[in-house]
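Trainee: I have not seen this structure before. Could we go through it step by step?

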Amino acid sequence: MDADSPLPGGRDKPAVVRRHRKFAFVLAALGLATETYAVASRGYGLGGNVIVRCREGHLFTTIWIPGVSVKSLRFAWTRLQHCPIGRHLSLVTPVPTYELTEEEQETARRHHDIRLP
Ligand SMILES: [Zn+2]
């Protein structure tokens, strides 16, 4: 059903309400596109394991699927989630693999948070 089709009792909805719904949809789509680009441009595929860094510099692996998250609050390419190394809540961002040494990647792969997106 498209947003402009009349709903039962909704036919007389003011145009401003319909515009707000479209605006919210466009914002959500833009957010998803930004997040997808941010993860893809850091060398990761979609919907896979991504190495992230928390605010205190801990590296760990998490499952990052753009637009989907159960265990974190999302802000585009930053998420608020639990860090399994420091055992604290922190903003985490995906780290491009080319910025990490082999050793850092290995360490990050050994530390995986819960396996939920
Ligand atoms: Zn941490």
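Trainee: Where is R87 found?

Mentor: This is a predicted model, and one residue makes a simple start. The neighbouring strands in question are β4, residues 78–83, and β5, residues 88–94. R87 is found in the loop between β4 and β5.

Trainee: Is R87 buried or exposed?

Mentor: A residue counts as exposed if 12 or fewer other C-beta atoms lie within 10 Å of its own. R87 has 8 other C-beta atoms within 10 Å, so R87 is exposed.

Trainee: What is phi of R87 near?

Mentor: R87 is a residue other than glycine, and its phi is positive. The value is near 50°.

Trainee: What pattern does the chain follow along the sequence?

Mentor: The chain has two helices and five strands. Read along the sequence, a helix comes at each end of the pattern, with the strands between. The pattern is α-β-β-β-β-β-α.

Trainee: In what order do the five strands form the sheet?

Mentor: Strands of a sheet can pair in a parallel or an antiparallel way. Here the pairing is antiparallel and the sheet is open. The order is β2-β1-β5-β4-β3.

Trainee: Which are the edge strands?

Mentor: An edge strand here pairs on one side only. That holds for the strands at residues 59–64 and 73–75. They are β2 and β3.

Trainee: How many bridges link β1 and β2?

Mentor: Strand β1 covers residues 48–54 and pairs with β2 in the antiparallel sense. In this pairing G48 stands opposite W64, and N49 stands opposite I63. The number of bridges is six.

Trainee: Which helix packs on the sheet, touching β1 and β2?

Mentor: The helix consists of residues 102–110. Its direction makes about 60° with that of β2. It is helix α2.

Trainee: How many of the six residues of β2 are buried?

Mentor: β2 is an edge strand, yet it is largely enclosed by the rest of the structure because most of its residues are buried. For the chain as a whole, 16% of the 117 residues count as buried. In β2 the number is five.

Trainee: Which residue in the turn between β1 and β2 has a positive phi?

Mentor: β1 and β2 form a hairpin, with four residues between the strands. The phi in question is about 95°. The residue is G57.

Trainee: What share of the contacts with a separation of 6 or more comes from residues 24 or more positions apart?

Mentor: The share refers to contacts within the chain. Its value is 66%.

Notes:
Residues are numbered from 1 along each chain as its sequence is written. This is a predicted model: local features need pLDDT of at least 70, side-chain atom pairs count only at pLDDT 80 or more; totals for chains, interfaces and linings use all residues. A residue is buried if 20 or more other C-beta atoms lie within 10 Å of its own, exposed if 12 or fewer, and partly exposed in between; C-beta atoms are placed from the backbone. Two strands pair if DSSP finds at least two bridges between them. Two residues are in contact if their C-beta atoms, placed from the backbone, lie within 7 Å. Axes are lines fitted to C-alpha atoms, for helices over the stretch in contact, and angles run from 0 to 180 degrees between N-to-C directions.
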